[in-house]
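Grab a pencil and work through these exercises with the structure open beside you. Try each task yourself before you read its solution.

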Amino acid sequence: QTTRRFKFNVEWKKVTRLCHAKQLLTVNGQYPGPTIIVDEGDNVEIKVTNKIAGNTTIHWHGVRQYRTGWADGPAYVTQCPIRGGQSYTYKFSVINQRGTLLWHAHYGWQRLSVHGAFIIKPRNPFPFSAPIQAEIPIIFGEWWNVDVDAMENDIVLYGGGPSGSDAFTINGLPGPLFPCSTKDTFIQTVEPGKTYLLRIINAALNQELFFAIANHTLTVVEADAVYTKPYTTSAIMIAPGQTTNVLITADQNPNPTNMFPMATRAYLTSIFPSDKNTTVGYLRYKNTKTTKKSNPTTLSYNVENLPLMNDNTFATTFSDSLRSLASAQYPCNVPQKIDKQVVTTISLNLQDCPPGKTCQGYEGKNFLASMNNQSFVRPYMSILESYYKNLTKKVFSKGFPTKPPNAFDYTGVNSLTENMNTGFGTKVLVLPFGTNLEIVFQDTAFLNLENHPIHVHGHNFFIVGAGFGNFDPVRHPKKYNLIDPPERNTVAVPQGGWAAIRLKADNPGVWFIHCHIEVHTTWGLATAFIVQNGPSPNQSIFPPPKDLPTC
Ligand code: C2O
C-alpha cells in the first residue's frame, strides 16, 4: 500500500476576473485549487497549513473515510477548525472506491474558492471499451466581485440571502460573455476522432447547473464516483457537490473555426431576469492545416442543446435516467430490507424579526431552513469529539425527529405560518452499527425555486425512488428500484417533490447531512447522524490523531 503525501497551504492570493482584482482564499495560491490524483487503495496524507488569520478545514467530499471520521473535515461536526498558523494532517485510505470526487473547505463559505478535483484512479480498467485519449477535469465555480465573507456575515446577522454571483466559471474562467473575460476562456484541444473522459465537478456555492457541448453528445459513465450504465444525452444537470464523468468523441466535421462552444447555465425552476447565467468555453479541434489561432470574440456562443434555465423536466428526467452499473465486478449493494425509516421535510422557512432588529429576508423576516422543522445550529465544539470522549457538555442532543412534526401535505402548505414553527438545536440521529436506513426527503417547496442537493457524509447511498408532490408511504415504496438504483453521495431532491435513499450505516462516527447549496446550510438545512461502533474491533472508529485541532 502506497502512501501519497500532499501539502496544502491555505492562503490569500490576488486574483483578477471580470476586470476586478480581489484577494481570494486559495490552496497553494491556485484557483481552482490543485488536483489530487491517487490510486484506489492508497493511503493519503494531506498536511493542511492555515496561513490566514481566521479558521479553516478541508473536506474530501465523497471519500468514505471508513473508521477515519476525524479526517472528514466539516467544522464542528468532526473536528474543531484549524486555527491561523496551525496545521493538521488529514490521514485516510481510499478503499473500494474510484472515480471523480472533489475536495473543498468546510468552514463558512470558504468553499467558494477553496476547492479542487479529487481523483481516484481505478485499480482495474474502466468498464467501458472506448480507448480514452485523455482525462480532462472540468470544474464549475462561481465568481463574485463583492466580498463574499462580508455577504456571509450579513446573512448570519440579518437573516437575508446572497446576491447572485457575477459569473459562473469553467476551471476558474468566466469566458467571452463577461466583461474583460475573453482572454479568460476555457479552451480544450481535442484530436479529431478521439474519445475523452471529462471529469465534471460542480463546485459552485449555490447553484445547480446544466452543461452541454454544441453538436456533441455526452455519455455518462459515472456519477459521484460510482460507475453507471452508459447513458447518452444531449446535456447533463449537475448539482453542487455532484460529480459526473462523461465520454465525448470528437466526431464532428470541423467547422471553419475548428471551435465548438460548450456551456454551463443555471438551473432554476423560476426565472430571475438575469443575463449572467451562461458561461461558455470551447472544444478546439486540432487541425495541423490551420495555423491561425481563432479569436473567441468572433466565435459562436450558441449551444442549442443546452436546456433553458427552467427546464425542470430535463433536470428530473436526467437524474431519473442514471442507473448503477450493477455488474458482477461492480455490484449494486442496495439494502433490500430496512431496519429504520426516517421521513424528513427539507424546507426553507421564515421567522419573525426580533423587535429592534433589522432582518433582510423575505417580507422583512429572517430566512431559515430546516429538516423536520429543526434548524441545525452549529455547535461550539466538534460533535465527534464530544461523542467519542463522552463529554456531556450540551454540544448536541439525540433524537432528531424521524417524522415531520405535522403531517406534511405538499398541496396544503403555502401559508407563512405553517413554516414559522421552527425549532433550533443540534439534534442528531443515533444508529447501531449496520443499520439499514431509509431516508425520505420531502421538499416543502416553500420559498424554494430549485431542487435541494442533499449530501450525506461518510456513506454512499442508493436513490431508490423520487418524484414530484407528496411521498406516499404505501404506494411509492412498491415502485422502488431495488435492482440498479444510482449510488451517489449527493441527491438532487426534486423541487416540490421527494427522494428516497437507502444506505447501510456501517461506518462508525458522526456524519453530517446537509444541503450542498451553501446558503441553505447557513440557514440550518442540516443534521447529523452517529453510527455506533460495531461488535468486532475492526468495526470501531480509530482513536483521534494527536494533531487534531482543539476548540
Ligand atoms: Cu461537500 Cu459537507 O460537503
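**Exercise 1: a sheet and its edges**

Strand β11 and strand β19 (residues 278-285) are joined by 4 bridges and run parallel. Keep in mind that you're looking at a predicted model.

Task: Find the residue that stands opposite glutamine 188 in β19, then work out which strands stand at the edges of the sheet.

Solution:
- Step 1. Start on β11 and look across to β19: glutamine 188 faces leucine 283 there.
- Step 2. Now zoom out to the whole sheet. It's an open one with 5 strands, ordered β11-β19-β18-β13-β16, and its pairing is mixed.
- Step 3. Check the ends of that order. β11 (187-190) and β16 (236-238) each have a single partner strand, so one side of each has no neighbour in the sheet.
- Step 4. Look at the twist too: ignoring direction, neighbouring strands here are turned by 25 degrees against each other on average.

**Exercise 2: another sheet**

Task: Trace the open sheet that includes β27 and β30, and say which way the side chains of β30 point.

Solution:
- Step 1. Write down the order. The 6 strands go β23-β25-β33-β32-β27-β30, with mixed pairing.
- Step 2. Pick out the edges: β23 (397-398) and β30 have a single partner strand each, so each has one side without a neighbour in the sheet.
- Step 3. Zoom in on β30 and its partner. Strand β27 (residues 452-456) and β30 run antiparallel, joined by 4 bridges, and histidine 455 sits opposite threonine 490.
- Step 4. Follow β30 (residues 490-493) along. Thr490 and Ala492 point one way, while Val491 and Val493 point the other way, and all of them are buried.
- Step 5. Look at another pair in this sheet. Strand β32 (residues 509-515) and strand β33 (residues 526-531) make an antiparallel pair over 6 bridges, with isoleucine 513 opposite threonine 527.

**Exercise 3: a strand with company**

Task: Is strand β26 largely enclosed by the rest of the structure, or largely open? Find its pairings with β20 and β31 as well.

Solution:
- Step 1. Count the buried residues. In strand β26 (residues 435-443), 7 of the 9 residues are buried, so the strand is largely enclosed by the rest of the structure.
- Step 2. Turn to β20: it runs parallel to β26, and 7 bridges join them. One pair to click on is lysine 340 with leucine 437 in β26.
- Step 3. Then try strand β31 (residues 497-505), which pairs with β26 in the antiparallel sense over 8 bridges. Here asparagine 436 has lysine 504 in β31 as its bridge partner.

**Exercise 4: two residues up close**

Task: Why does isoleucine 346 count as buried, and is tyrosine 76 buried or exposed?

Solution:
- Step 1. Place isoleucine 346: it belongs to strand β20 (residues 340-351).
- Step 2. Use the cut-off: a residue is buried if 20 or more other C-beta atoms lie within 10 Å of its own. Isoleucine 346 has 25 C-beta neighbours inside 10 Å, so it counts as buried.
- Step 3. See what isoleucine 346 touches. Leaving out residues up to four places away in sequence, its contacts include Met371, Phe441, His452, Val493 and Cys515.
- Step 4. Now go to tyrosine 76, in the loop between β5 (58-61) and β6 (87-93). Tyrosine 76 is buried too, because 26 other C-beta atoms lie within 10 Å.
- Step 5. List the contacts of tyrosine 76, again not counting residues up to four places away in sequence: Arg378, Pro379, Met381 and Ser382.

**Exercise 5: where two domains touch**

Task: How many residues does domain 1 give to its contact with domain 2, and which strand gives the largest share?

Solution:
- Step 1. Split up the chain: domain 1 (1-124), domain 2 (127-328) and domain 3 (340-539).
- Step 2. Take the centres of domain 1 and domain 2 over C-alpha atoms; they are 23 Å apart.
- Step 3. Read off the contact: 24 residues come from domain 1 and 29 residues from domain 2.
- Step 4. On the domain 1 side, the elements giving two or more residues are β7 (99-105) and β8 (115-121). The largest share, 5 residues, comes from β7.
- Step 5. Sort that side by class, and you get 11 nonpolar, 10 polar and 3 charged residues.

Key: Residues numbered from 1 in each chain as written. Predicted model: local features only at pLDDT ≥ 70, side-chain atom pairs only at ≥ 80, totals over all residues. Buried ≥ 20, exposed ≤ 12 C-beta atoms within 10 Å, placed from the backbone. Pairing = 2+ DSSP bridges. Contact = placed C-beta atoms within 7 Å. Domains from an automatic or database assignment. Nonpolar A, V, L, I, M, F, W, Y, C, P; charged D, E, K, R; others polar. Axes fitted to C-alpha atoms, helices over the stretch in contact; angles between N-to-C directions.
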